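Please open the structure in your viewer and keep the sequence panel beside it, because each stop on this tour begins with a selection. Take the stops in order, and pause at each one before moving on.

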Amino acid sequence: ADDNASGSAALLMLARHFADPAHRPRRSLVFIWFDAEELGLFGSEAFSHAPTVPLGSISAFVNLDMLSRGGAADIPGGGPHYLQSIGSRRSSNQLGPIVDSVAGVRDMQLDYTFDAPGHPERVFCRSDHWNFARFGVPVVFFSTGVHAEYHTVDDEVDRSDFEKLARVTTLVAGVVDAIASRPTQLTRDLPAPGVTGVCEQ
């Protein structure tokens, strides 16, 4: 349920929101559901090698995975406004401040612990955003984090916090709107590993 029906539900809510002409930003948006992430990021890798739009035209990639938990019983320091943010300062010096600014307006508490260089969980290298970051596309990965039911049959919908999911989705909508309403793309002013590059946390 949390992994990753919550992210899929958020993506559907975002698509519905931005399809409304009243909320349509300056730039086009592409909504993608990737398969085989946990088998080796195969879906996003295939897209990055044969993209439906040029990678150079993508201003940013926003990745959503596990968005309906992150309470005090799930994560140390967790709560209704807790959210993990990963990767926003790795490809562009402009994306991180946008994420922080929107989080401040939306009263979300961003946890950057799992984005730290050398963190043993290597979260930056383990999800679909990596296949965009290696080409220099600015990325941000949002998650409410791992919990006791992660990868177990007990990850059931009755454990999900739908108010939290709505709060996170609203924050993501704000981030996407801020990126997509800019007159220019985000800068790509930090080094990118490239197609053969090895991911370093």
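The tour below goes from a strand to its partners, then to aromatic rings, and ends at a serine. Please keep in mind throughout that this is a predicted model.

**The strand β2**

Begin by selecting strand β2, residues 82-86, where five of the five residues are buried. If you colour Tyr82, Gln84 and Ile86 on one side and Leu83 and Ser85 on the other, you will have marked two faces that are both covered. This arrangement can be read with a general rule in mind: in a regular strand the side chains alternate between the two faces of the sheet.

Next add strand β3, residues 109-111, which runs parallel to β2 and is joined to it by three bridges. Between these two strands, show helix α3, residues 95-105, and you will have the whole of a right-handed β-α-β unit made by β2, α3 and β3. Now add β4, which pairs with β2 in the antiparallel sense, again over three bridges. Which residues stand opposite Gln84 in these partners? In β3 it is Asp111, and in β4 it is Ser143.

**The aromatic rings**

A search of the whole structure finds six aromatic pairs, and two of them are worth selecting here. The rings of Phe34 and Phe61 have centres 6.3 Å apart and planes at 40 degrees, so this pair is tilted. Because Phe34 lies in the loop between α1 and α2 while Phe61 belongs to strand β1, the pair ties together parts that are 27 residues apart in sequence. Phe61, at 10% relative accessibility, counts as buried.

Then select Phe47 and Phe132, another tilted pair, with 5.9 Å from centre to centre and 35 degrees between the planes. Phe47 sits in helix α2 and Phe132 in helix α4, 85 residues apart, and both of these residues are buried. Show the four phenylalanines together, since ring pairs link Phe34, Phe47, Phe61 and Phe132 into a cluster.

**Two arginines over rings**

Select Arg89 with Tyr112, and you will find the arginine over the face of the ring, at 5.4 Å from its centre. Arg90 likewise lies over the face of Phe124, at 4.1 Å from the ring centre.

**A buried serine**

Finally, select Ser160, in the loop between β4 and α5. Is Ser160 buried or exposed? With a relative accessible area of 14%, Ser160 is buried. Its side chain is joined to that of Ser68 by a polar contact of 3.2 Å, and, leaving aside neighbours within four places in sequence, Ser160 is in contact with Ala1, Asp2, Ser68 and Arg69.

Terms used
Residues are numbered from 1 along each chain as its sequence is written. This is a predicted model: local features need pLDDT of at least 70, side-chain atom pairs count only at pLDDT 80 or more; totals for chains, interfaces and linings use all residues. Side-chain values use heavy atoms; hydrogens and water are left out. Rings of Phe, Tyr and Trp (its six-membered ring) pair if their centres lie within 6.5 Å; planes under 30 degrees apart count as stacked, over 60 as edge-to-face and the rest as tilted. Buried means under 20% relative accessible area, exposed over 50%, partly exposed in between (1.4 Å probe, protein chains only). A charge sits over a ring if NZ of Lys or CZ of Arg is within 6 Å of the ring centre and within 35 degrees of the ring normal. A polar contact is a pair of N or O atoms within 3.5 Å; within protein, one must be able to donate a hydrogen and the other to accept it, and residues adjacent in sequence count only if both atoms are side-chain atoms. Contact means heavy atoms within 4.5 Å. Two strands pair if DSSP finds at least two bridges between them. A crossover is right-handed if, with the strands pointing away from the viewer, the path from the first strand over the helix to the second runs clockwise.
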